[in-house]
Amino acid sequence: MDERMKNIAKNQVLRLEDLAAYQEGQVVSRTLAQNPHVSLTLFAFEKGEEISAHTSGGDALVTVLEGTGRFTVGGEVHVLRQGESLVMPAGVPHAVYGAERFKMLLTVVF
């Protein structure tokens with residue numbers, strides 16, 4: 001059978017923020033699902049680390065799981081804290097910056 005989700009335990013209660021560890025000087029990612037329709041990825045950003053401006057072919061929903069992140073979408077800056085979410089529309093340039101250490105779940109719907 002084809003696995004639809006990967007790198008994650010099934011039929012267990014999980015804390016998503018525990019599944020991506022911080023690493024000094026890096027942005028760490030862990031892909032949970034990837035197919036032509038949806039992508040789920042956990043990220044752990046060290047303070048001061050970033051993903052530079054880029055676009056996506058799908059709408060991207062980001063949910064901050066821990067800490068504070070700064071998101072620039074189409075030139076507009078948003079600061080998100082634990083429990084907050086933001087949709088970054090397909091085709092609109094966006095960037096992500098670790099204002100402090102933070103973790104997020106990224107869901108992209110194509």
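Start with R101, which is partly exposed at 41% relative accessibility (buried is under 20% relative accessible area, exposed is over 50%, and partly exposed lies in between, with a 1.4 Å probe and protein chains only). This is a predicted model, in which local features need pLDDT of at least 70 and side-chain atom pairs count only at pLDDT 80 or more, while totals for chains, interfaces and linings use all residues. Residues are numbered from 1 along each chain as its sequence is written, and side-chain values use heavy atoms, with hydrogens and water left out.

**Stop 1: R101 and its partner**

Keep R101 selected and add E46: their side chains meet in a salt bridge, 2.8 Å from N to O (a side-chain nitrogen of Lys or Arg within 4 Å of a carboxyl oxygen of Asp or Glu). The pair links distant parts of the chain, 55 residues apart, with E46 in the loop between strand 2 (38-45) and strand 3 (50-54) and R101 in the loop between strand 7 (94-97) and strand 8 (102-109). Strands here are DSSP runs of E with at least two residues, helices are runs of H or I with at least four, and both are numbered from the N terminus.

Is E46 buried or exposed? E46 counts as buried, because its relative accessibility is 11%. Now show what surrounds E46, leaving aside its neighbours within four places in sequence: the contacts are Y22, Q23, E24, G25, Q26, G98 and R101 (contact means heavy atoms within 4.5 Å).

**Stop 2: the whole chain**

Zoom out and colour by secondary structure. How many helices and strands does the chain have? There are zero helices and eight strands, and read from the N terminus the elements run β-β-β-β-β-β-β-β.

Switch to the C-alpha trace, which spans about 45 × 30 × 25 Å along its principal axes. The radius of gyration is 14 Å, which agrees with the value near 13 Å for a compact globule of 110 residues; the radius is taken over C-alpha atoms, and the globule rule is 2.2 Å times the number of residues to the power 0.38. Among contacts between residues at least 6 apart in sequence, 62% join residues at least 24 apart.

Add the surface. The chain exposes about 6500 Å², of which carbon and sulfur atoms supply 49% (Shrake-Rupley method with a 1.4 Å probe; for residues, only the protein chains shown count as cover). Of the 110 residues, 37% count as buried.

Next, colour by charge. The chain has 10 positive and 13 negative side chains, and the centres of the two sets lie 4 Å apart. Lys and Arg count as positive and Asp and Glu as negative, with His and the chain ends not counted; each charge is placed at NZ of Lys, CZ of Arg, CG of Asp or CD of Glu.

**Stop 3: R15 and two acidic residues**

Side chains of opposite charge can pair when their charged atoms come close. A search of the whole structure finds three salt bridges. One of them is the E46 and R101 pair from the opening stop; now select R15, E17 and D18 for the others.

R15 and E17 meet in a salt bridge at 2.4 Å, N to O. R15 also bridges to D18, where the closest N and O atoms are 3.5 Å apart. E17 counts as buried at 11% relative accessibility, whereas R15 is exposed at 53%; D18 is exposed as well.

**Stop 4: two asparagines with positive phi**

Move to the segment before strand 1 (27-34), where N7 is found. N7 has a positive phi of about 60° although it is not a glycine, and N7 is partly exposed, with a relative accessible area of 42%.

Then select N11, also in the segment before strand 1. Its phi is near 60°, again a positive value in a residue other than glycine. N11 is exposed, with a relative accessible area of 83%.

**Stop 5: A90**

Finish in the loop between strand 6 (85-88) and strand 7, which holds A90. Which residues does A90 touch, not counting residues up to four places away in sequence? Show S56, G57, G58 and D59 to see them. A90 is partly exposed, with a relative accessible area of 36%. To end, draw a C-alpha to C-alpha distance from A90 to L106: the two are 13 Å apart in space and 16 residues apart in sequence.
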